[in-house]
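Dear colleague,

Please find the structure we talked about below, with the sequence alongside it. My notes on what turned up in it follow, grouped by topic so that you can read them with the model open.

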Amino acid sequence: MTGDYLAMTEEAREKASAPSRPRPVSPPLIEVRNLKLWYQLQQHKRRSVKEVLLSPRKGSAQVHWALNGVSFQCHEGEALGIVGHNGAGKSTLCLVLAGILTPDTGTVQVRGEVTPLLNFGAGFNRELTGRTNAYLYASFLGIPHRVVDRRLDDIIAFSELGNFIDQPMRSYSAGMKARLGFSVASILDPKIMILDESLAPGDLAFKAKSRTRMMEMIQHSQLLIVVSHSCALLRQICTHCLWLDHGQTRLFGEVHQVLDAYEEAMGGEEILDLDEP
């Protein structure tokens, strides 16, 4: 070993003796800095008929901060869970990350194509058949027509709609609409996936099948962001967690650390927030 080392050139010895340089770190796929977004809320008070006639204003506006100073970043190979009470800003944050809402201040940098699975069936036309609506919803998600042509039989089979696929959407129950929406979305091959886990539609058997398909999509994605009321699920699939509280970051970090604090604050109960706006 020593003889080999002495036989090396001076330049080679310098390289061998120098400390190894750290490998370059790839930039985060999502980087959020001091994100703020607000809405105007209308305040109404009782007024007399005379006041209404003389001043027909609708009411004074009050600012509501849906997101207020949120900062975090996500790298390739990570999975971020988002938790918080009803109205904490979880859904609003996902809409911003998907490019559907624009923040008022702060920066959001996304390096990659985002697939948001936040509202299965948005854009359905109740007068058209389920088959036609499958194409409409696919267009809403950015799925090419030719891909739907190739996968339509799979979509229909997964939805379990049978002959109802050729019936007008007005004859569908809410569960049937959600099943069709999820079945269309499930043919995606997302790179950055934003998922509302509570949207797994249908009865218990279909929910289980939907969960399985979600896990398959997660395995093929570079980055997952998931909103869920199930801390057990987040512990299973996530590496990091963001706890939002009234639009602000309460805690961000490793998933078990954040969820331990969240569950302690919530009294050990998982909070159901399926109806958050």
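The average pLDDT of the protein is 82, and 78% of the residues score at least 70; please keep in mind throughout that this is a predicted model. Over residues 20-24 the pLDDT falls below 50, and this stretch has 0 contacts in the model beyond near neighbours in sequence. Residues 271-277 also stay under 50 in pLDDT, but for them the model has 17 contacts beyond four places in sequence.

On the interior, the largest nonpolar core has 47 residues, and those with the most contacts inside it are L117, I143, L180, V184, L224 and L259. Helix α6, which covers residues 145-159, gives the most to this core, with 6 residues. Because domain 1 (28-43 + 61-112 + 227-268) and domain 2 (119-189) both give residues to this core, it lies between them. A second core, separate from that one, has 25 residues and includes L37, A88, C94 and L223. As background, nonpolar side chains tend to be buried together in soluble globular proteins.

L180 is a convenient place from which to look around the larger core. Not counting residues up to four places away in sequence, L180 touches F124, G130, A134, I155, S159, L161, I165, M169 and Y172. F124 also belongs to an aromatic cluster, which it forms with Y137 and F140.

Helix α4 (residues 90-97) is largely enclosed by the rest of the structure, because 7 of its 8 residues are buried. The buried residues in α4 are K90, S91, T92, L93, C94, V96 and L97, and of these C94 is included in the second core. Just after α4, G99 takes a positive phi of about 80°.

Turning to the aromatic residues, a search of the whole structure finds 7 aromatic pairs. One of them is formed by F72 and F252, a tilted pair with 6.0 Å from centre to centre and 45° between the planes. This pair links distant parts of the chain, since F72 is in strand β2 (residues 60-74) and F252 is in strand β9 (residues 248-254), 180 residues apart. Are the two rings' residues buried or partly exposed? F72 counts as buried because its relative accessibility is 5%, under the 20% cut-off, whereas F252, with a relative accessible area of 30%, is partly exposed.

Two lysines are placed over aromatic rings: K36 lies over the face of W65, at 5.9 Å from the ring centre, and the charged end of K209 sits over the ring of F158, 4.5 Å from its centre.

Two further buried residues may be worth a look in the viewer. I218 lies in helix α8 (residues 204-220), and at 15% relative accessibility I218 counts as buried. Leaving aside neighbours within four places in sequence, I218 is in contact with M193, L224 and I237, and L224 is among the residues with the most contacts inside the largest core. The C-alpha atoms of I218 and A79 are separated by 8.8 Å, although these residues are 139 apart along the chain. S186, in the loop between α7 (174-185) and β6 (192-196), counts as buried at 7% relative accessibility. Again leaving aside neighbours within four places, S186 is in contact with R213 and M217.

Finally, some notes on the backbone. Most residues other than glycine have a negative phi, which is the background for the next two entries. N34, found in strand β1 (residues 30-43), has a phi near 50°, a positive value in a residue other than glycine, and with a relative accessible area of 41% N34 is partly exposed. E160 is placed in the loop between α6 and α7 and has a positive phi of about 60° although it is not a glycine. At 46% relative accessibility, E160 counts as partly exposed.

With best wishes

Methods. Residues are numbered from 1 along each chain as its sequence is written. Side-chain values use heavy atoms; hydrogens and water are left out. Rings of Phe, Tyr and Trp (its six-membered ring) pair if their centres lie within 6.5 Å; planes under 30 degrees apart count as stacked, over 60 as edge-to-face and the rest as tilted. Helices (H or I, at least four residues) and strands (E, at least two) are DSSP runs, numbered from the N terminus. Buried means under 20% relative accessible area, exposed over 50%, partly exposed in between (1.4 Å probe, protein chains only). A charge sits over a ring if NZ of Lys or CZ of Arg is within 6 Å of the ring centre and within 35 degrees of the ring normal. A nonpolar core is a set of buried Ala, Val, Leu, Ile, Met, Phe, Trp, Tyr and Cys residues joined through side-chain atoms within 4.5 Å. Domain bounds come from an automatic or database domain assignment. Contact means heavy atoms within 4.5 Å. pLDDT is the predictor's confidence in each residue, from 0 to 100.
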